[in-house]
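Here is a quick tour for anyone opening this entry for the first time. Keep the 3D view at hand and follow along.

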Amino acid sequence: SSIFADIQIAKPIEVFALIADYNKDEFKEKVNLSVGAYRDTDGKPWVLPIVRRVEAQMASDPTLNHEYLPVAGLVDFRKAAIKLLLGEEDSRYGGVQAPGGTGTLRLAAAFTKKFFGCDTVFVSKPTWGNHKGIFSDAGFSNIVEYRYWNAEEKGLDYDGMLEDLRNAPPKSVVILHAVAHNPTGVDPTQDQWEGIAKVCREQDIFVVMDCAYQGFASGNLDTDAWSCRYFKDQGFEFFICQSFSKNFGLYNERVGNLCVVAKDCDAKMKTLSQLELIVRTAWSNPPNHGARIVATVLNSPQAYEQWKNDIHTMSQRILLMRQQLLSKLKAIGCPGTWDHITKQKGMFSYTGLNAQQSDMLLKKYHIYIMKSGRINMCGLTPANIDYVAEAINAVVT
Ligand code: PMP
């Protein structure tokens, strides 16, 4: 018999299983609200016009080749990514390119385990489905959820969050969502961020900011970087896990940057050198194509302006869908309050629908939604929004 015979079949990954089921579904009015990727008004994947333009230039650029990148990635990319995030350059900041936000989180987990001896990581309840697994794979034995979503008020459980973080044991890491929290769409206010920073400092918690949606919450890149810049201005030494999957629509190119903010240049250099060794054994060096696109755009004032327009297009469409879904639900007299849909930020809305209602949307209406009730606002279009609103009304009534 096979050496693999005793291996158990793994549990399906919910979001990818939903996509596969959706693709097989032959129902004409099916709607995919599961995947965290932008869709245009026709419900189609959208290649940003600026990305198309840069790719066309790259295709005919004779100076480009397929040599390995440096272990820490493209220098032009790493520098520009940090400037975009922190609004300035400084010898205290450094970056390591990694395959997507996921790759940067792997680096953060491996580094804090190896050099700080951390065992405990705090993640929001709920959080992005991959955080726990990434840190447990890195050897974190204590994965603790801090309170975040207040189901009754459909907002932030700020007091609960602070109380939980105040109980952090020494050498804890906390993952904070910098902006556009996934899955709830609920972000702390600036005052609340100040309170969170205070507790992190008092408890000496190492902060890992997860920044996967810069530009998606407000449409403004600087506004969406506020929390990261605040921690930097407060003198924290911390990591920021930057993903360009969403704001450049480069999902399958795997573009991420682990931004290191240290006390001084020396501390940064030491940290980067050790991160390079982790990269070396993990993937040796990162992929080129997506990072080169991002670097080209961020380093050209004209391309940068065009990119900002593309971000505006995406964020505005999401805002419009939020408003329209809310007004349709109100117009048909859907029971309950739905104002949270327009208050929440970013790509997702945590609808408050329970697992049973979400399952009914899936089975009866062919609307693919996560069991948690999270919907991707970009899956809504002028053509399907009435259908979705009616279906939500039917499952809650
Ligand atoms: N963090 C959060 C909060 C996310 O939502 C995502 C993507 N869904 C990531 C990290 C990872 O993004 P990437 O696809 O760039 O690995």
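Let's start with serine 284, which counts as exposed because just 10 C-beta neighbours sit inside 10 Å, and a residue with 12 or fewer falls in that class. You'll find serine 284 in the loop between α10 (265-282) and α11 (289-298). Its phi is near 70°, a positive value in a residue other than glycine.

Before going further, a word on what you're looking at: this is a predicted model. The protein chain has a mean pLDDT of 96, and 100% of its residues reach 70 or more. The model's scores are ipTM 0.99 and pTM 0.96.

**Backbone oddities**

Serine 284 has company. Arginine 254 also shows a positive phi, of about 60°, although it is not a glycine. Arginine 254 belongs to the loop between β9 (238-243) and β10 (256-261). Is arginine 254 buried or exposed? Arginine 254 counts as buried, because 22 C-beta neighbours lie inside 10 Å and the class begins at 20. Histidine 366, just after α14, takes a positive phi of about 60° too.

Then there are two cis peptide bonds to look at. One runs from lysine 125 to proline 126, with omega near 0°, and proline 126 lies in the loop between β3 (120-125) and α5 (131-137). Another runs from asparagine 182 to proline 183, with omega near 15°. Proline 183 has its place in the loop between β7 (172-177) and α7 (190-203).

**Around the ligand**

Asparagine 182 turns up again here, since the residues surrounding the ligand include Asn182. Which others surround the ligand? They are Gly36, Gly100, Gly101, Thr102, Trp128, His177, Asp210, Ala212, Ser243, Ser245 and Gly256. Sorted by class, this shell has 2 nonpolar, 9 polar and 1 charged residues. Helix α4 (residues 100-116) gives the most to the shell, with 3 residues.

**Into the core**

Now for the inside of the protein. The largest nonpolar core has 113 residues, and those with the most contacts inside it are Met209 and Val294. As a rule, nonpolar side chains in soluble globular proteins tend to be buried together. What does valine 294 contact, leaving aside its neighbours within four places in sequence? Valine 294 is in contact with Phe77, Ala81, Phe244, Phe248 and Val255.

Isoleucine 240, in strand β9, is another residue to click on. Isoleucine 240 counts as buried because its C-beta neighbours inside 10 Å number 30. Not counting residues up to four places away in sequence, isoleucine 240 touches Leu85, Ala178, Met209, Cys211, Cys228 and Cys259. Met209, in turn, is one of the residues with the most contacts inside the largest nonpolar core.

On the other hand, glycine 235 sits in the loop between α9 (226-233) and β9. Glycine 235 is exposed, as 9 other C-beta atoms lie within 10 Å.

**One helix with two sides**

Helix α14 (residues 355-365) is worth a look of its own. Its buried residues are Ser358, Leu361, Leu362 and Tyr365. Seen down the axis of α14, these residues fall within an arc of 120°, so they line one face of the helix. Which residues are exposed on the other side of α14? There you'll see Ala355, Gln356, Lys363 and Lys364. As for what covers the buried residues of α14, this includes β12 (367-368) and α15 (385-396).

Helix α15 also holds glutamate 390. Glutamate 390 counts as partly exposed because 14 C-beta neighbours lie inside 10 Å, between the 12 that still counts as exposed and the 20 needed for buried.

**Apart in sequence, and how far in space?**

Some of the residues above can be paired with others farther along the chain. The table gives both separations, with distances taken from C-alpha to C-alpha.

| Pair | Apart in sequence | C-alpha to C-alpha |
|---|---|---|
| Glutamate 390 and cysteine 334 | 56 residues | 8.5 Å |
| Glycine 235 and alanine 262 | 27 residues | 8.7 Å |
| Isoleucine 240 and histidine 177 | 63 residues | 9.7 Å |

Histidine 177 from the table links back to an earlier stop, as His177 is among the residues surrounding the ligand.

Definitions and conventions
Residues are numbered from 1 along each chain as its sequence is written. This is a predicted model: local features need pLDDT of at least 70, side-chain atom pairs count only at pLDDT 80 or more; totals for chains, interfaces and linings use all residues. Helices (H or I, at least four residues) and strands (E, at least two) are DSSP runs, numbered from the N terminus. The arc is that of the directions from the helix axis to the C-beta atoms. Two residues are in contact if their C-beta atoms, placed from the backbone, lie within 7 Å. A residue is near a molecule or strand if its C-beta atom, placed from the backbone, lies within 6 Å of it. Ala, Val, Leu, Ile, Met, Phe, Trp, Tyr, Cys and Pro count as nonpolar, Asp, Glu, Lys and Arg as charged, and the others, Gly among them, as polar. pLDDT is the predictor's confidence in each residue, from 0 to 100. A nonpolar core is a set of buried Ala, Val, Leu, Ile, Met, Phe, Trp, Tyr and Cys residues joined through C-beta atoms within 7 Å.
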